[in-house]
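Grab a pencil and open the viewer: here is a set of exercises, each with a worked solution. Try each task before you read on.

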Amino acid sequence: MQRVFSGIQPTGVPQLGNYLGAIRNWVVLQQDHECIFCLVDMHALTVWQDPDALRQQTLGQTACLLAAGIDPARHILYNQSAVSAHARLGWIFNCVVRLGWLNRMTQFKDKAGKDRENHSAGLYVYPSLMAADIHAFHATRVPVGDDQRQHLELANDIGQKFNHDYGLPFFPMVEGLIPPGSARIMSLRDGTKKMSKSDPSAQSRIELTDTPDEIALKIRRAKTDPEPLPSEEAGLENRPEARNLVTIYAALTGETVPEVLARFGGEGFGPFKTALTERLVAELGPVAAETRRLLADPGHLLSVLRDGAARASAVAEPIVAEAERIVGYLR
């Protein structure tokens, strides 16, 4: 059974893009993998976080993951900062990675933009810590989206350079897992931008804690265009909002975009939005209700994270301690 590692930042409320792109796939991976799921609160600090909000959002994210079907009894769920192996191996990897490699990371360029001199060094070396997250467990598979593919390639480069520098095959190669039929979910207000927890407008996203009425209102207000839905996929060209809503429907039902259009093509957005709302409520309604139930018992959520951290440490500690011995740390 191969070991999977995956992480999600505990900032904001998980939204539909997180659910369809990652969380739902995590639940499936539990069937035939050894899974380690991490709330990456250390990565969250690459931009400033309100301390109280970060603590509460970590608990909220835990509740959402449990409600969606993550099983902390059979697998491991914990917060990153509770396991020191991440930081220790992260520093070693900062000394292995080359500046030229980090300079090629497009995500830093996208996030920093023209104001890169004012961003934290943590945002710049974020990929080294991500590599440490994975290699601290000798994980061999990592579910990734397109935006993280480059970071996963770097994680393999770092692991292989460590092996080469110290002359032994210590860190394994890591395979990226792209969920079949994975869809890029875009903002409900702007179909050219990815749906995001950090968007200032809550109307741009469906959150996993939204009530059926909130979901219905957001879909009703979702940006569209005056044309009816096309009958063929070519008709979605240059119509990003229409494509986004069709893509969401297809991801929820497991259909292809052409199959969805064959059923709804020629109709206006009114009936389609009604059908989409029904699908979203059926899928997310039980998750939201269970999340609210779990949030009423923060003590239980803390115990899940603490147990997960102890079990994660038991896996990572001997691996990272051996990496520290290899580089020459004196114990």
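**Exercise 1. Find the loop that holds His138, and say what is odd about the backbone there.**

Solution. Start with the place: His138 sits in the loop that links H7 to strand E4 (141–143). Keep in mind that this is a predicted model. Now check the backbone: phi of His138 is positive, about 50 degrees, although the residue is not a glycine. Last, the surface: His138 has 23% relative accessibility, so it counts as partly exposed, since the buried class ends at 20% and the exposed one begins over 50%.

**Exercise 2. Do the same for Asn238: which loop is it in, and is it buried or exposed?**

Solution. Asn238 belongs to the loop between H9 and H10. Its phi is near 65 degrees, again a positive value in a residue other than glycine. With a relative accessible area of 73%, Asn238 is exposed.

**Exercise 3. Check the length of helix H7 (residues 121–135) against what its residue count predicts, then look for a kink.**

Solution. Step one: H7 has 15 residues, and at 1.5 Å a residue they should span 21 Å. Step two: the C-alpha atoms at its ends are 22 Å apart, which agrees. Step three: follow the axis, and you'll meet a kink of about 45 degrees centred on Pro127. Step four: ask how covered the helix is. Twelve of the 15 residues in H7 are buried, among them Tyr124, Pro127, Met130 and His135.

**Exercise 4. Work out where the buried residues of H4 and H9 sit around their helix axes.**

Solution. A reminder before you start: an α-helix has 3.6 residues a turn, so residues three or four places apart point the same way.

Take helix H4 (residues 85–96). Its twelve residues reach 16 Å from first C-alpha to last, close to the expected 16 Å. The buried ones are Ala85, His86, Leu89, Gly90, Ile92, Phe93 and Val96. Looking down the axis of H4, you find the buried residues within an arc of 165 degrees, so they line one face of the helix.

Now helix H9 (residues 212–221). Here Ile215, Ala216, Lys218 and Ile219 are the buried residues. They take up an arc of only 165 degrees around the axis, which puts them on the same side of H9. Asp213 and Arg220 are exposed on the other side of H9.

**Exercise 5. Trace how strands E1, E2 and E3 pair, and in which sense.**

Solution. Begin with strand E1 (residues 3–8): five of its six residues are buried, so the rest of the structure largely encloses it. E1 runs parallel to strand E2 (residues 34–39), and six bridges join the two. One pair to pick out is Ile8 with its bridge partner Leu39 in E2. Add helix H1 (residues 16–29), and E1, H1 and E2 form a right-handed β-α-β unit.

Next, step across to E3. E2 and E3 also pair in the parallel sense, over four bridges. Leu39 shows up again here, with Asn79 as its bridge partner in E3. As for side chains in strand E3 (residues 76–79), Ile76 and Tyr78 point one way, Leu77 and Asn79 the other, and all are buried.

**Exercise 6. Decide whether Cys35 and Cys64 are in disulfides, using the closest cysteine sulfur for each.**

Solution. A search through the whole structure turns up zero disulfides. Cys35 is in none: its nearest cysteine sulfur belongs to Cys38 and is 13 Å away, while the cut-off for a disulfide is 2.5 Å. For Cys64, the closest cysteine sulfur is also in Cys38, at 16 Å, too far for a bond. Are these two residues buried or exposed? Cys35 has 1% relative accessibility, so it counts as buried. Cys64, at 2%, counts as buried too.

**Exercise 7. Compare sequence separation with C-alpha distance for Val246 and Leu29, then for Arg189 and Asp50.**

Solution. Val246 lies in helix H10 (residues 240–253) and is buried, at 0% relative accessibility. Val246 and Leu29 are 217 residues apart along the chain, and their C-alpha atoms are separated by 26 Å.

For the second pair, find Arg189 in the loop between strand E5 (175–177) and H9. Arg189 is partly exposed, with a relative accessible area of 39%. Its C-alpha is 27 Å from that of Asp50, with the two positions 139 residues apart in chain numbering.

Definitions and conventions. Residues numbered from 1 in each chain as written. Predicted model: local features only at pLDDT ≥ 70, side-chain atom pairs only at ≥ 80, totals over all residues. Heavy atoms only, no water. Expected span 1.5 Å × (residues − 1). Bend = angle between axes of the 7 residues up to and from the residue. Buried < 20%, exposed > 50% of the residue type's maximum accessible area, 1.4 Å probe, protein only. Pairing = 2+ DSSP bridges. Right-handed = clockwise from strand over helix to strand, strands pointing away. Arc of directions from axis to C-beta.
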